[in-house]
Amino acid sequence: MMNEHGKSDSPVVPAKPANKTGQSVAELVEERGLTKGNAVQQNTPRTQSRNREVSSELDRVREIAKRERNVKFTALLHHVTIERLRNCFFDIKKNASPGVDGVTWHQYEQDLESNLERLHSKLHRGAYRAKPCRRTYIPKGDGRKRHLGIAALEDKIVQRAVAEVLNSIYEADFLGFSYGFRPGRRPHEALDALVAAIRFRKVNFVLDADIRSYFDSIDHGWMGKFIEHRILDKRILRLIKKWLKAGVIEDGQWRASEAGSPQGASISPLLSNVYLHYVLDLWAHQWRRRHAQGDVIIVRWADDFVVGFQYQSDAERFHSELYERFKQFSLMLHPEKTRLIRFGRYAKRDSQRFDGRRKPETFDFLGFTHYCSVNSNGKFQIMRKTIRKRFVAKLRAVKGELLARMHWQVKEQGLWLRSVLLGYYAYHAVPGNWERIGEFRTQIERMWYKTLKRRSQKSKITWEHVYKLAKRWLPPARILHPWPEDRFLATHPR
């Protein structure tokens with residue numbers, strides 16, 4: 001155990017040994033190579049000097065976490081300094097919705113230093129009390145609504161600060177195939193790893209998995225036990241328990257939280273990763289080493305993960321045992337969103353031979369539909385296109401926003417639409433998806449024309465006029481990302 005000076009003051013309690021990382025392509029897809037660089041990216045301060053001051057405080061913690069995988073940390077709260085709280089405050093969006101206390105970012109900033117000193121004092125005196133989350137809903141792509149828990153501003157600040165401290169430890173533990181909600185890891189890295197793994201390993205079957213109501217199903221008892229594998233600072237443990245038990249307020253009524261971690265809370269992404277690290281990641285990594293007869297690859301982003309198999313027998317056994325594994329920890333695979341399909345270089349041949357399908361099945365991951373294809377040389381190629389439902393949902397959202405800006409000046413509308421397109425291209429402009437991004441720009445141009453026509457019954461706007469406006473303000477559709485295999489191999493030259 002480590003005291004606040006970084007020295008050992010009690011025996012170290014053994015924990016699970018670290019998993020080894022081999023040199024094969026499968027392990028390159030899931031190695032910890034990126035984690036090494038991410039450990040120093042925990043904090044996101046506003047200046048370089050602040051970055052050096054804040055990150056240096058956790059350097060010792062990171063070094064110990066990497067070097068001693070069994071150590072349990074007993075003194076961490078002193079790393080939650082006023083400086084760290086200040087940085088976390090400035091990292092919060094200024095226009096974010098307030099929590100149950102109604103305090104906004106701008107109100108809190110008016111007397112910031114005094115507020116932070118008071119908050120820091122309450123934390124270290126044990127007088128801090130977590131407030132319930134305010135329940136709100138956002139629409140999902142399938143027409144349903146996803147509920148979010150909006151934390152009070154001070155809870156957001158403290159949760160961010162504690163998450164930074166804990167990330168310095170858990171980044172040494174998390175496995176390489178876990179990408180979601182981790183510092184320095186982006187969705188396209190997970191997408192690249194998945195494509196490279198399927199192409200370069202012997203993958204013939206894919207388990208496209210999704211956990212039903214994951215954030216609502218996290219068991220608080222198991223969460224506490226998992227955290228205690230690494231954290232024995234009682235003050236940190238009490239903070240986490242307070243946040244999990246704070247409850248939610250909806251329509252003026254308070255409701256206790258017996259399970260789950262509220263989506264939208266700053267601490268929830270880290271806690272969700274810790275939970276699945278012990279429930280899924282470590283178990284799956286050991287399963288493929290001990291039980292798999294062929295190649296097995298894994299890529300996970302939060303509660304959405306894909307597992308590839310060489311043999312159908314491995315895939316079916318893993319699927320069955322994963323169901324039982326999740327059941328032990330109050331989790332359940334979504335029956336409609338979890339599928340075992342043929343996918344890979346022989347999927348078209350085998351689908352026709354064994355399943356009577358003209359084309360192999362597809363699966364969705366991180367906003368893209370993945371399907372089997374061939375390149376100009378006739379070689380196997382994984383292609384991706386934007387999921388149709390999300391494509392339509394995005395256009396509807398832009399239409400509503402454009403109508404709200406109907407009476408803006410044309411220049412202001414053009415600048416806004418330009419930012420929308422650039423943001424869409426930044427994520428979706430991948431090789432093979434030109435048709436979708438081209439259609440997206442075309443639909444934006446049509447929406448703009450209809451919106452300008454509605455500004456006045458005497459409008460004389462023509463297509464020729466809008467075409468000139470679009471040529472001036474709307475960037476053309478073009479592919480911005482390289483092929484995923486090329487980028488992955490450039491990032492992992494081994």
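Contact here means that heavy atoms lie within 4.5 Å. With contact defined in that way, residues 24 or more positions apart account for 73% of the contacts in the protein with a separation of 6 or more.

Before selecting anything, note that this is a predicted model, in which local features need pLDDT of at least 70, side-chain atom pairs count only at pLDDT 80 or more, and totals for chains, interfaces and linings use all residues. Residues are numbered from 1 along each chain as its sequence is written, and side-chain values use heavy atoms, with hydrogens and water left out.

**The whole chain.** Begin with the cartoon, where there are 19 helices and eleven strands; helices (H or I, at least four residues) and strands (E, at least two) are DSSP runs, numbered from the N terminus. Buried residues, meaning those under 20% relative accessible area, as against exposed ones over 50% and partly exposed ones in between (1.4 Å probe, protein chains only), make up 50% of the 494 residues. The accessible surface, from the Shrake-Rupley method with a 1.4 Å probe, comes to about 24300 Å², of which 49% belongs to carbon and sulfur atoms.

**The sheet.** Next select strands 6, 7, 3 and 8, which form an open sheet in the order 6-7-3-8 with antiparallel pairing, where two strands pair if DSSP finds at least two bridges between them. Strand 6 (296–301) and strand 8 stand at the edges with a single partner strand each, so one side of each is left without a neighbour in the sheet. Six bridges join strand 6 to strand 7 (residues 304–309), and these two strands run antiparallel; within the pair, I298 stands opposite V307 in strand 7.

**Two helices on the sheet.** Add helix 8, which packs on the sheet and touches strand 3 (205–210), strand 6 and strand 7, its direction making about 165 degrees with that of strand 6. For such angles, axes are lines fitted to C-alpha atoms, for helices over the stretch in contact, and the angles run from 0 to 180 degrees between N-to-C directions. Helix 13 also packs on the sheet, touching strand 3, strand 7 and strand 8, and its direction makes about 145 degrees with that of strand 7.

Now isolate helix 8 (residues 187–200) and look at its burial: eleven of its 14 residues are buried, so the helix is largely enclosed by the rest of the structure. Among those buried residues are H188, E189, D192 and I198.

**The loop after helix 13.** Select E336, which lies in the loop between helix 13 (312–328) and strand 8 (339–342). E336 counts as exposed because its relative accessibility is 66%. A distance drawn from the C-alpha atom of E336 to that of D210, 126 residues apart along the chain, should read 8.9 Å.

**A helix crossing.** Move to helix 10 (residues 220–227) and helix 12 (residues 268–290), whose axes come within 10 Å and cross at roughly 85 degrees. The two helices are therefore roughly perpendicular to each other, a term that covers 65 to 115 degrees. Show side chains for W222, M223, F226 and I227 of helix 10 and for L271, V274, Y275, Y278 and V279 of helix 12, which make the contact.

**Last stop.** Finish at L112, in helix 6 (residues 112–125), which is buried with a relative accessible area of 8%. Leaving aside its neighbours within four places in sequence, L112 is in contact with R86, F89 and F90. The C-alpha atoms of L112 and R86, 26 residues apart along the chain, are separated by 8.3 Å.

Note on methods. Angles under 35 degrees count as roughly parallel, over 145 as roughly antiparallel, 65 to 115 as roughly perpendicular and the rest as oblique.
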